[in-house]
Amino acid sequence: MAEPSDNSTETASESLLLPTGDGVVIDIGTGDGLFVYQSAREQPSRFFIGIDASARPLEKVSEKIYRKPAKGGLPNALFIQAAVEDLPAELDAVADEVHVHFPWGSLLRAVTTGEGLVLGNLRRICSEGALLEVIVGLDPERDRTEIERLCLPALSEALVDSVLIPRYRSAGFEIFERGTLLPDEWPRLHTSWAKRLRGNPNRSLLYLIARAL
Ligand SMILES: C[S@@+](CC[C@H](N)C(=O)[O-])C[C@H]1O[C@@H](n2cnc3c(N)ncnc32)[C@H](O)[C@@H]1O
């Protein structure tokens with residue numbers, strides 16, 4: 001871990017003696033951490049942090065990263081159990097990139113309705129100019145119970161334009177790209193839920209990319 005530093009211009013990520021040369025990427029609602037694990041293996045000069053409210057899906061991958069490198073260990077990955085509503089202050093301004101892939105529950109509600117508290121927390125962990133990517137894949141029929149339970153709006157690019165762009169802006173994010181992905185574009189997403197859901201053509205996938213202002 002880091003020596004205390006008196007250099008006030010040093011960022012939080014630089015002050016940890018970690019391989020963060022090309023930036024820090026945080027995956028919120030990481031689940032089993034596949035995205036973090038594979039990305040950290042492919043990009044050794046970036047540091048990847050996976051965060052999930054639930055400890056159970058994190059168990060296997062958290063153990064794996066501490067093995068010897070030959071056995072799958074990775075020095076540039078870390079997993080934290082935390083809810084997006086309550087992210088540790090140590091993460092403030094640390095991220096150069098934040099991902100939210102296939103959220104569920106309160107995380108899904110927050111990013112699709114633009115909840116101020118959660119968007120504020122996502123902004124808090126971003127450095128200025130950091131990128132935020134949100135990918136939501138819902139099937140209006142199969143996911144009807146969850147959609148109704150969370151009182152979710154119908155997801156569309158029009159909803160992003162009319163509701164989410166202003167709400168994200170109030171939280172300090174400028175959405176500069178949004179769209180839908182076809183099922184056959186899903187394989188490029190290295191997440192377990194992308195793999196699990198990609199066979200269903202009724203599952204529309206909406207994404208947005210924003211910049212921290
Ligand atoms: C459908 S899984 C997706 C996992 C992973 N991103 C993927 O694509 O494979 C949704 C994850 O969001 C997590 N989650 C739900 N609400 C959350 C919250 N408030 N804070 C952090 N994680 C949350 C769940 O525990 C779950 O692991």
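These points cover the ligand site and the aromatic rings of a predicted model.

1. The ligand occupies the largest pocket. Around the ligand there are 18 residues, and the closest are G29, D52, H101, S106 and T191.

2. Polar backbone atoms approach the ligand at several positions. A ligand nitrogen atom lies 2.9 Å from such an atom of V84, and a nitrogen atom of the ligand is 3.3 Å from one of A53. On the oxygen side, S192 has a polar backbone atom 3.3 Å from an oxygen atom of the ligand. The ligand taken alone exposes 600 Å², of which the protein buries 89%.

3. The count of aromatic pairs, with ring centres required to lie within 6.5 Å, comes to one. The pair is Y168 and F173: the ring centres are 6.4 Å apart and the planes are at 55 degrees, so the pair is tilted. Planes have to be over 60 degrees apart to count as edge-to-face.

4. Both members of the pair can be checked for exposure. Y168 has 0% relative accessibility and therefore counts as buried. F173 also counts as buried, because its relative accessibility is 0%. The cut-off for buried is under 20%.

5. Charged side chains lie over two other rings. K64 is placed over the face of Y37, at 4.3 Å from the ring centre. The charged end of R211 sits over the ring of F176, and the distance to the centre of that ring is 4.4 Å.

Key
Residues are numbered from 1 along each chain as its sequence is written. This is a predicted model: local features need pLDDT of at least 70, side-chain atom pairs count only at pLDDT 80 or more; totals for chains, interfaces and linings use all residues. Side-chain values use heavy atoms; hydrogens and water are left out. Rings of Phe, Tyr and Trp (its six-membered ring) pair if their centres lie within 6.5 Å; planes under 30 degrees apart count as stacked, over 60 as edge-to-face and the rest as tilted. Buried means under 20% relative accessible area, exposed over 50%, partly exposed in between (1.4 Å probe, protein chains only). A charge sits over a ring if NZ of Lys or CZ of Arg is within 6 Å of the ring centre and within 35 degrees of the ring normal. A residue is near a molecule or strand if one of its heavy atoms lies within 4 Å of it. A polar contact is a pair of N or O atoms within 3.5 Å; within protein, one must be able to donate a hydrogen and the other to accept it, and residues adjacent in sequence count only if both atoms are side-chain atoms. Accessible areas come from the Shrake-Rupley method with a 1.4 Å probe; for residues, only the protein chains shown count as cover. On a 1 Å grid over the protein atoms alone, a cavity is a set of points where a 1.4 Å probe fits but cannot get out, and a pocket is an open set with protein on both sides within 12 Å along at least five of seven lines; lining residues have an atom within 4 Å of a point. A molecule sits in a cavity or pocket if more than half of its atoms lie within 2 Å of its grid points.
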